[in-house]
Amino acid sequence: MSEILQHVFLPTTELGLLAIFCAIIIGFPIGVISGLSSNSRFIHILRLLCWLLYASPLVWIAILIIRLSTIDWHFTQHIDYSSTIGNSSLITILSTNNDHKLPLLVNHITPLLLPVIILTIQPCITTIQIVSERVKLIANQNYIKVAYIKENASWKVLFRHLLPNAIPKIIPQLTANITTLLFSTMVIEILLNRSGMGTWLLYGFYQHNFSILALTLLGCGIIISLLMLLSEILVVIIYPTQSRPLHE
């Protein structure tokens, strides 16, 4: 059982969490800027690009990026994605006291660059849309307009009033896309022949092994439940008063 967790569930979870992290790091600031300046030409072009990418099938995008990466981009050429699954993970590498930790991190992260880039696209677009809509809604509230009059700098309004009222509602909305992201992660693992829940599920399907299918579905449910629970805990930790509007 420990071997299944290490070689099947851990790689998929790690890949999905990296995609979520990158999507938040990239999408959250863009969403805030988009919500505060919703009438600019750049924002309209950005929204059009997001709609086009979001409407495109993930498999098409993945195949296109994989094809382009094998032509000119040497940092992803001739990478054996199946070899990224071993006895190491980001958690184990970071927790060790090895003096050669940086080379180990580079060797572990390099094969993850391409799948993470592919998986980040749609969650990033969703993050931009959700954050933009919520920030725009909060920015039009009367107490935010009053705060702009009282405060000397707009960044104080942003961090003291606008974001504390927006983030508690944004985080639960973002977790609604975990199911789609998990499915996308499994698809990318199959396309790149990378060990994980996707290739394991495909193996079970070809072998007519219903135990593998059942364990994969159970693992998906556990991962989704844990991530949604983690998001709720995160909201309570960051903003304990999230049950009421933070107008102060």
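Select Cys22 to start: it is partly exposed, with a relative accessible area of 25%. This is a predicted model.

Now add Cys124. That residue counts as buried, at 10% relative accessibility. Are the two bonded? The count of disulfides comes to zero. Cys22 is in no disulfide, and the nearest cysteine sulfur, that of Cys124, is 9.3 Å away. A disulfide calls for sulfur atoms within 2.5 Å.

Next, the nonpolar interior. Select Ile65, Leu114, Ile118, Leu119 and Ile188: these have the most contacts inside the largest nonpolar core, which has 22 residues. Then colour the helices that feed this core. Helix 1 (2–36), helix 2 (41–55), helix 3 (58–69), helix 6 (113–139) and helix 9 (178–191) each supply at least two of its residues. Helix 6 gives the largest share, eight residues.

Move on to another core, which lies apart from that one and has 18 residues. Ala139, Leu162, Ile171 and Val235 are among them.

Go to helix 10, residues 197–206. Which of its residues are buried? Select Met197, Gly198, Trp200 and Gly204. Now look down the axis of helix 10: the buried residues fall within an arc of 165°, so they line one face of the helix. An α-helix has 3.6 residues a turn, so residues three or four places apart point the same way.

Last stop: His208, just after helix 10. Check its backbone, where phi is positive, at about 55°.

Note on methods:
Residues numbered from 1 in each chain as written. Predicted model: local features only at pLDDT ≥ 70, side-chain atom pairs only at ≥ 80, totals over all residues. Heavy atoms only, no water. Buried < 20%, exposed > 50% of the residue type's maximum accessible area, 1.4 Å probe, protein only. Helix = DSSP H or I, 4+ residues; strand = E, 2+ residues; numbered from the N terminus. Arc of directions from axis to C-beta. Core = buried A, V, L, I, M, F, W, Y, C linked by side-chain atoms within 4.5 Å.
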